[in-house]
Amino acid sequence: MPSTGTLPSELGGSSLAQMRSIADTLAGNWAITWIGKDGKVIGEGEEIWKFAPGESAFVEENRSKVHGQSSEDYAAMWWDAKAHSIRGIWCDPTINDEGCSGFTVTLQGKSVVLTGEWEYLGKRQAWHEVFSRTGTTMTQTLAIADPGDELHQASTIRGTIGRASPSGDEREQIAQLTKLATEAGNAYASRDLERLKRLTADDYVQTDVRGGVLDKEAWLAFVKNRKSDLEVDTDNVRVRLYGDMAIVTGHWKYTRKNDGKITHSQWTSVWSRSPEGWKRHAFQNTYVNANADRCAAEAVP
């Protein structure tokens, strides 16, 4: 965790203690996972909390991907000596008509509570966010409502401290693999065999949703002869880099064109980087079974 240093003495003991309490909860580099109202993972990213130069403010930088779209924002908190309180500002011009809007900051025990309003597409909304920390983990809960109405939970962010920020090259490779994983899903749906051949290594092996194991030739033949016409939407792609190797995981939503039936699956793939670019070597796909309440090992008679 970054050192909180020493705040200017003119802030006074009470304000100094409050700002340090906020830093004790929030300061650090957090690997975060976004969770929707239904409990499903909807995104991931990085959230950094630190003091600004001169410790004039305590600032946040958030870089995430939620529902497959970039979600980035900035926030800052500071001691307002005139109002004798901590004030804040949150900026995200993609979803805030004003670009930036203010919020209040309070402490409830060791939790940091932010409260404010913002306007998007002409509609004003109230928001209330609570940050709680236990050791190296953090829970960030957001509730929203029309101003004056009862707040309802909108999302939860769970964070783990300590992950180093990826380098510029790593960010580029993560973006590239996310794009390629999405292309692979689209190519499968459209039976684009040429694109699949370019993305697939010669030693490719796939374990499909029914437990069948196919090599590259058998898998391409299956795609070519598949009876159903599909649309495939890819989201929640996560990339873990290990030098010139990578493990890429994600979620597929299948929509069958003839009857509109929707099916979901979770998948894991292994890629390697060669002079020709990234190639997929292995792919394991599993249907999501909402009725399964036990792991496979426990379910075996």
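These exercises look at the ring pairs of a predicted model.

Residues are numbered from 1 along each chain as its sequence is written, and side-chain values use heavy atoms, with hydrogens and water left out. Local features need pLDDT of at least 70, side-chain atom pairs count only at pLDDT 80 or more, and totals for chains, interfaces and linings use all residues.

**Exercise 1.** Find how many residues the protein chain has and what percentage is buried.

Solution. The chain has 301 residues. Of these, 38% are buried. Buried means under 20% relative accessible area, with a 1.4 Å probe and protein chains only.

**Exercise 2.** Classify the aromatic pair of W49 and F58.

Solution. Start with the rule. Rings of Phe, Tyr and Trp (its six-membered ring) pair if their centres lie within 6.5 Å; planes under 30 degrees apart count as stacked, over 60 as edge-to-face and the rest as tilted. The whole structure holds 13 aromatic pairs. For W49 and F58, the centres are 5.7 Å apart and the planes differ by 20°, so the pair is stacked. Now check burial. W49 has a relative accessible area of 2%, so W49 is buried. F58 is buried too, at 1%.

**Exercise 3.** Classify the pair of W252 and Y254, then place it in its cluster.

Solution. The ring centres lie 5.8 Å apart and the planes stand at 90°, so W252 and Y254 are edge-to-face. Both residues are buried. Ring pairs join them with Y188, W267, F283 and Y287 in a cluster.

**Exercise 4.** Which arginine lies over the face of Y188, and which over F283?

Solution. A charge sits over a ring if NZ of Lys or CZ of Arg is within 6 Å of the ring centre and within 35 degrees of the ring normal. R226 lies over Y188, 4.7 Å from the ring centre. R280 lies over F283, at 4.6 Å.

Notes. Buried means under 20% relative accessible area, exposed over 50%, partly exposed in between (1.4 Å probe, protein chains only).
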